[in-house]
Structure formats: C-alpha cells, structure tokens
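Visitor: Got a minute to walk me through this one? I'd like to start with how the chains touch.

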Amino acid sequence: MSSVPTSFADRALSEYDALVAAAPSVLEAIPGAVYLCDAEGWLVRWNAEAVTLWGRDPEPGDRKERFCGSHKLRLVDGTPLAHQDCPMADAVRLGSSTRNAEVVIERPDGSRITALVNIRPLRDRDGRIQGAINCFQDISAHKALQADILRKNADLEDFFENSAVGLHIVSKDGTILRANRAELDLLGYTAEEYIGRHIADFHVDRPVIDDILHRLSCGDGLDRYPARLRAKDGSIRHVQITSNSRFEDGAFVNTRCFTLDVTDLNQALEARRESDRRLAATYEAASAGIAEVDETGRYVRVNDALCAILGRSREEVLALDLIAVTHPDDRAEEAERYRRQRCGELPAYRAEKRTIRPDGTIVSLEVSSSSVLDEAGRFRYGVRVMQDVTERKRMQEQIRRHAERLHELLDALPAAIYTTDADGRITFYNRAAVELAGREPELGSDQWCVTWKLYWPDGTPMPHDQCPMATALRENRPVRGGEAIAERPDGRRIPFVPYPTPLRDEDGKLIGAINMLVDISDRKEAEARQKVLIDELNHRVKNTLATVQSLALQTVKHATDLRDFATTFEARIVALARAHDLLTKRSWMSAPLDMLLHDVIAPYSQRGERLQAGGPALELNPRAALSLTMVLTELATNAAKYGALSVPSGTLSVTWTLSSGSDPALEMDWIERGGPQVGAPTRRGFGTRLIQRCIERDLDGELDLRFEAQGVRCRIRVPLSLCTHG
Amino acid sequence: MAERPRLRVLLVEDEGGVALLIEDMLEQLGHEVIASVAHLSRAQRAIETATPDLAVLDVNVAGETSFDLARRLASLGIPFLFSTGYGDSGLPADLQDRPVLAKPFTLADLRNAIARTGQASA
C-alpha cells in the first residue's frame with residue numbers, strides 16, 4: 001500500500017506512536033508499572049515502577065529483550081513460564097488481550113512477587129498490530145492475605161469436620177445444613193441421609209426439640225441441654241446439646257449445635273446409682289450388723305440388724321460410740337485396736353468382744369473393722385460388720401466341754417487309749433496308755449503307737465510302721481484279732497491286743513484313728529500258769545503212779561501173805577492220798593506239818609491221849625510233804641504192827657523244833673513208849689530203806705533210827721531249805 | 001540171747017520211792033547202780049568220782065531240769081536216757097534224739113530204752 005496524504009485525523013498518531021512519542025514523564029505518571037513492546041515484542045518503553053517490580057532495569061535501545069523485562073516468569077503455581085510464552089507475547093503475536101491475569105515475577109535476587117497483569121494490543125488505523133502495552137501491579141501482599149484467609153478457613157473446616165464433638169448447623173426452619181463426621185458417626189448416618197432433613201426427625205422427644213428450637217430462635221443459648229437422639233440402628237443416644245444462634249442484622253440465620261454423646265456416661269451413672277441402691281438394700285437387709293463410724297468411734301450410720309444386736313433403737317445407737325456399747329472388761333482392748341486402725345497401724349482387724357444390752361444380757365460379738373481412706377490415704381471413716389456369736393460361742397463352749405469330758409472319760413478308762421491324726425502322729429493318750437507303755441509319748445512326734453518297742457507274739461521285732469494301728473490307717477479299716485508285745489523302757493514286756501479303728505469326718509474322709517490296747521498279761525500269765533499246772537499235774541500223776549508202782553512191787557516183795565500185802569499197801573496208798581489231799585487244799589503249794597502228821601497217825605490212834613504231838617507251825621513244800629508222809633507212814637505202820645500203837649498201853653510222842661543258826665533245820669523226834677519189847681529187825685525191810693531214802697537221799701537230811709527196848713526212837717534232821725519254800 | 005554187759009549206772013531221781021523201783025529194775029537187768037542221787041549237785045559230784053557207763057536222768061530234779069547235766073554227759077561221751085512224768089515233749093532241740101522213758105514204765109521199757117542209748121549192744 002502506498003503512502004497517501006492524510007487528514008488531520010488521518011494524520012493523528014496511532015496509540016502506539018503516541019505512546020512511543022510521549023515524554024517519559026507520561027509513563028512515569030501512570031500509577032503502576034507499565035511497559036510497551038513493538039510489533040515484534042521488543043521492549044521499547046517502560047517506567048520506573050516496572051523497574052522496581054522487575055528488580056532490574058533493561059538496557060534502553062538494546063533490542064535484546066522481548067515480551068517482558070523480568071528476570072524470570074512463573075505461573076502462579078510455580079511452573080516456569082518462558083518469556084516468549086507469556087501473555088504479552090500472545091498480545092503481540094495474536095492481538096489477544098489479557099485482563100487481571102496473575103503471573104509470578106522472579107527477580108535477579110531470587111525474590112518473587114505476584115503481579116496482576118493487564119495487556120492490550122496496540123493497532124494502527126488499519127488494525128495492524130503495532131505493539132502492546134502491559135500494565136502490571138504487585139499483588140503479593142494481597143495474595144498472602146488471601147492465602148492466610150484460605151488457610152484459616154481450611155482450619156475452621158477441619159475443626160468443624162474433624163472435631164471430636166458432634167457439630168451441626170441448622171437453618172432457621174430447622175433443616176440440617178451441615179453436620180460433621182463426629183455427629184454422623186454418633187448417629188450412624190451418612191451425610192446424604194442426614195443433611196437436608198429436619199432436625200426434629202432425629203429427636204426422640206418432640207417437646208424437647210420444640211423447646212430447643214424455640215429457645216434458639218429467641219436468641220437463648222443452650223448449655224448442655226439433655227436430649228435423646230435416635231441413631232440409624234434404632235438405638236437411643238443420650239446427648240447434651242450446647243448451641244447458640246447466629247443473627248445477622250438482628251435476623252435469626254441459623255444455629256450452631258455441639259452434640260456431646262453422654263450415653264456411656266449416663267450408663268455409668270445409672271450403674272453407679274444401681275450399685276448404690278443395691279448396697280443400701282444390702283446394708284439394710286443384711287443379717288449382720290453394719291455400721292459406719294467416724295474417727296472418734298461414734299456411730300454415723302447403722303443398719304437395723306446392728307440396732308437389733310445391740311438391743312437399742314437407731315437413735316440410741318447413733319448417740320453412742322463403739323466403746324460405749326462395749327462390755328467394760330473389753331473396752332481397753334477394743335479402744336486400742338480401733339486407735340491402731342484409725343492411725344493406720346492396722347488396715348483392718350477382726351476381733352471378738354462383748355456388749356451389754358440395756359436389758360442386761362451379755363452378747364458376744366465378732367467384729368470386722370476396716371477403714372475407708374481418702375485419696376491421700378487419710379482415714380475417712382470406719383466400716384464395722386458385727387455378728388452376734390453368742391449362740392455360736394455357747395455351742396463351741398459346749399463342744400469344748402464335751403471334748404473335755406470325753407478326754408476325762410478316756411483318761412479314766414482302765415484301757416490304754418490313744419488317738420492319732422491321719423499321718424499316725426499321736427494326738428491324745430490316756431493315763432492307762434502311759435502305764436502300759438511305761439513312758440510318756442510325745443504328742444505330734446511319736447508315730448503309730450505309744451509304746452517304746454514292739455514285738456510280734458513270737459518275739460520277733462515289729463517295726464512301728466507295721467503295727468496294727470499303721471495298717472488300720474493305711475488301709476482305712478479297723479484291725480481286729482491281732483496280738484503284739486510291747487516292751488517298756490524298763491525292759492518289761494507286756495502282751496496286748498490292739499483295737500485300732502479309723503476315725504472319719506462327716507464326709508467319710510479319714511482323719512485319724514483311735515486305738516485301745518488291752519493288756520493281756522494276766523490272761524497270758526494265767527494261760528502259762530495253767531499250762532504249768534497241767535504239766536505239773538501230769539508229772540505228779542505219772543510220778544505218783546511210778547511211786548505206787550514202786551510201793552506195790554516192794555510191798556509184794558516183803559509181804560508175808562496177800563492179806564499182809566493188802567493191809568500194808570492200802571496204808572501206804574491212803575497215806576499218800578492224804579498227803580495229796582493236803583497239798584491239793586493249798587493248790588500244791590504247801591502242806592502244814594501238824595496236819596500232815598495228824599492225817600498219818602489218825603487211823604492208828606482212835607484215842608487221842610496215846611499221841612503227843614507238837615511243834616512250831618511249819619509249811620512243807622510238796623516234795624518234803626510227800627517224803628515225810630512216806631516216812632511217817634512207814635513209822636506209823638511199823639508202830640501199828642509191832643510197836644507202841646500195836647498195844648493199848650503204848651504211847652507215841654512226835655515233837656519237832658526249828659533250829660536256828662547258820663544251817664537252820666527241822667528237827668523231829670519220833671518216840672514210842674509202852675509198846676512190846678522191840679528187837680532190831682533181822683533184815684532191813686522195805687520200810688527202813690524207804691525212810692532212809694526219803695530223809696538222807698531225797699531231803700539231804702540226817703536219820704537216826706533206833707529200835708530200842710522201850711520202843712522205836714527216830715530222830716530226823718532235815719535242812720529247812722529243802723523242806724520249805726524258804 | 002547174748003550175755004548183756006553189766007553197766008555201771010548213775011541214777012538221778014528226786015523221789016525216793018521211784019528211785020527204789022528203778023534201782024531194783026536196773027539190778028534185775030543185771031546192772032550196777034553206782035550212784036543214786038536226788039540232787040543235781042550230787043550227780044555232778046558222782047560223775048567226777050567215777051565214770052558211769054550209763055545215766056538214767058529224771059527230767060525234773062527237785063524243781064530243776066537235768067538238761068545241763070545231760071549235755072555234760074554228752075560231752076563226756078556217757079550215754080544216758082531220760083525218765084520223766086512229762087512225757088517226751090518238753091525236751092530241748094539238742095536233746096530230742098535221746099531215749100525217753102515215760103513214767104511209770106515197765107522193766108521191758110527200761111531195757112529197750114537202755115538198748116536205744118546204744119550201750120546195750122556196745
């Protein structure tokens with residue numbers, strides 16, 4: 001296109017030209033940073049404010065800088081923005097305008113500012129782009145403020161959303177506008193299910209929510225207003241609502257509500273109330289007396305049972321203290337115990353004491369006293385539980401007396417009795433047991449038996465743990481029919497029969513055993529004696545038969561005829577029988593010499609005056625009695641046949657003395673007088689031999705037998721040691 | 001029948017009547033009673049004085065048994081037999097194999113008992 005003359009208007013400068021041509025002061029007058037690029041983007045004009053914001057001053061006339069005079073550019077989010085991509089470049093190249101765009105300018109010193117950018121392309125009359133103008137201003141402070149507000153808002157949102165307390169906002173008409181997580185969680189709804197509904201839909205009690213809304217609309221705040229909400233699962237949540245309303249220009253806008261779930265708290269409270277009620281019920285219903293006492297011991301709270309035990313009205317009891325109701329004899333002890341409990345020396349105690357009721361009866365109490373302390377461990381009050389144990393004590397006393405009587409009874413029994421525990425340790429023994437054992441058993445230490453040593457009946461040692469009592473305990477059964485021998489420490493042995501019997505408790509559990517030891521020494525001795533007697537009798541019978549045999553044979557040998565034999569033999573047998581009789585009367589222990597003599601002589605002396613007999617009393621032993629019987633019989637038979645007893649005029653004197661001295665002896669004189677003239681026998685007959693045998697041989701004595709003219713004279717001397725038991 | 005040896009016999013018997021019988025029986029059997037005593041002490045003395053060929057011992061001699069005497073005789077090799085009213089029970093174990101005459105006994109009993117001491121056929 002060729003250049004044509006222009007009108008004034010035509011010749012008027014384009015905006016670009018005008019700006020380029022304007023004096024520098026024009027640009028400087030613009031309040032804000034401004035710069036101008038030509039059609040190719042080269043910076044042509046800029047003002048001082050732009051230099052300030054850029055933090056640099058581009059070289060004038062230097063065509064090195066295009067689109068922007070800044071050191072670097074970034075988008076608001078921080079990504080780098082090349083100069084040829086900046087809005088100014090678009091304006092020059094494309095003719096686009098930019099209004100209120102924000103870019104970040106980075107200065108050479110690294111500092112950044114946010115700039116609000118407004119760009120307009122500059123065209124000539126024909127619409128060709130001649131350049132562009134950029135006005136920008138520093139909005140960093142504004143941006144910072146905005147960021148701060150955003151952050152605060154976010155904090156508030158966060159607080160609202162994530163608060164542990166349920167929060168909701170309700171509009172004027174009661175519609176739920178917002179609700180936080182905690183509130184939704186509390187009731188179990190999703191935001192969709194909750195928000196937008198009327199708040200009353202979730203309240204259990206219509207009057208309550210009506211009242212709440214009414215109060216709020218009047219501008220009254222709610223402070224922990226109790227209400228009940230229905231959760232999605234149907235459960236009822238107890239809440240406390242704290243709320244106030246927002247008014248703008250005096251008009252009610254909405255309410256902000258804090259919803260505090262107190263369901264658990266309510267349950268705990270209810271549980272505690274229940275527990276209190278139960279405790280109170282127990283307190284009153286208890287059969288034991290219960291009391292709370294202050295630190296002076298004064299009754300502060302008592303139940304009916306306590307009043308009944310003390311025999312006083314509640315008013316009377318509450319006017320007293322624990323010492324006043326105590327039996328005077330027990331007061332000092334009780335006061336001391338309570339003092340120690342109160343000052344913490346005793347955490348609690350249990351004791352027995354007595355109380356006197358107003359009617360004078362004495363009641364035994366078992367008291368359990370404990371302390372209730374505060375958090376610092378200081379004594380607050382005492383709790384005392386009291387039981388009337390009068391009857392129990394009476395029973396115990398009765399049982400004790402029974403046991404005592406039983407022990408006395410057992411002690412008095414003539415049989416040895418002892419008891420053991422289940423392990424066989426001696427727990428009791430009576431006097432008779434000590435007498436039998438010959439020792440005092442050690443309680444709790446001696447085991448199985450009170451005796452010192454034990455033997456089987458055959459004399460072999462019996463270990464204590466194998467004794468019948470041990471068997472009874474081990475096998476839990478009574479043991480009968482056994483016999484054992486106890487040896488006492490003094491060496492004496494006592495045969496006995498034990499009767500061990502297990503003792504069981506009510507449940508049948510073995511708790512020990514009782515044993516009775518019956519001393520059978522007497523029986524054993526009797527048995528032994530009986531055996532000796534039988535043996536002795538047998539011996540005696542056999543010896544007697546042997547003697548009879550001897551007498552018969554000897555009598556036959558010397559008899560003149562059968563008649564003579566019969567008479568002599570009979571006399572000898574009868575005399576022997578008499579001696580046996582005498583001995584039997586004294587159980588074969590002894591026979592008195594005078595009676596023995598009498599029995600021998602009697603058959604021959606019908607008239608007593610023919611016999612003179614006398615001497616000190618003497619008990620002969622059986623052997624001597626039999627020997628002397630035979631001697632006296634031979635002498636008597638001889639006297640009756642040939643001597644003093646064969647004629648009426650004859651007399652017989654038998655006297656004896658006991659000589660004393662180192663060798664005491666029985667000295668006996670047999671003197672016949674007034675009989676026929678006596679001659680010495682022509683040959684030694686059986687009688688003489690027998691007499692000699694009996695005195696000299698059997699009794700170790702001396703015999704002086706003389707056939708004198710006046711009559712037979714026989715002198716016998718026998719050591720006392722051989723003819724008596726002495 | 002072979003000629004029986006004449007034995008020198010010690011008789012220990014505490015009852016004179018019975019002693020007489022046994023002495024007579026021994027003599028009837030052709031033996032000689034060299035001592036007849038009623039006491040164990042006397043019997044002891046008799047052994048010391050003369051050695052008998054045979055002893056006839058009452059078991060119960062004045063309340064004491066003659067067992068110790070019997071053992072003494074056994075140790076001296078002197079044969080013996082017991083005469084007793086107790087029967088043959090009651091002998092101690094070491095003497096139980098010795099002949100026992102239960103009183104009263106017959107002459108034949110005595111002869112057999114002497115034979116059993118081993119002395120008769122010696």
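Guide: Sure. One term before we start: a polar contact is a pair of N or O atoms within 3.5 Å, and within protein one must be able to donate a hydrogen and the other to accept it. Also, this is a predicted model.

Visitor: OK, so how many residue pairs are in polar contact between chain B and chain A?

Guide: There are 17 such pairs, counting those with both residues at pLDDT 80 or more. On the side of chain B that touches chain A, α1 (16-28) and β2 (32-37) of chain B each give two or more residues. The largest share, nine residues, comes from α1(B).

Visitor: And how many salt bridges between chain B and chain A?

Guide: Six. One of them pairs B:D24 with A:K557, where the closest N and O atoms are 2.9 Å apart.

Visitor: What area do chain B and chain A bury between them?

Guide: About 2200 Å², with 48% of it on carbon and sulfur atoms. In chain B, the residues losing the most area to chain A are B:E15, B:L20 and B:Y86, together 25% of what that side buries.

Visitor: Switching topic: what's the strand order in the open sheet of five strands in chain A?

Guide: It goes β26-β28-β29-β31-β30, with mixed pairing. The edge strands are β26 (611-614) and β30 (702-708) of chain A.

Visitor: Do tell, how many bridges join β28 to β29 in chain A?

Guide: Nine, and those two strands run antiparallel. A:L652 stands opposite A:E672 in β29(A).

Visitor: Which strands does helix α19 of chain A lie across?

Guide: Helix α19 (residues 593-601) lies across β26, β28 and β29 of chain A, at about 160° to β28(A). Helix α21 of chain A lies across β30 and β31, at about 150° to β30(A).

Conventions:
Residues are numbered from 1 along each chain as its sequence is written. Chains are lettered from A and ligands numbered from 1 in the order in which they are written. This is a predicted model: local features need pLDDT of at least 70, side-chain atom pairs count only at pLDDT 80 or more; totals for chains, interfaces and linings use all residues. Side-chain values use heavy atoms; hydrogens and water are left out. Two strands pair if DSSP finds at least two bridges between them. Helices (H or I, at least four residues) and strands (E, at least two) are DSSP runs, numbered from the N terminus. Contact means heavy atoms within 4.5 Å. Axes are lines fitted to C-alpha atoms, for helices over the stretch in contact, and angles run from 0 to 180 degrees between N-to-C directions. Buried area is the accessible area (1.4 Å probe) that two parts lose on being put together, summed over both. A salt bridge is a side-chain nitrogen of Lys or Arg within 4 Å of a carboxyl oxygen of Asp or Glu. A polar contact is a pair of N or O atoms within 3.5 Å; within protein, one must be able to donate a hydrogen and the other to accept it, and residues adjacent in sequence count only if both atoms are side-chain atoms.
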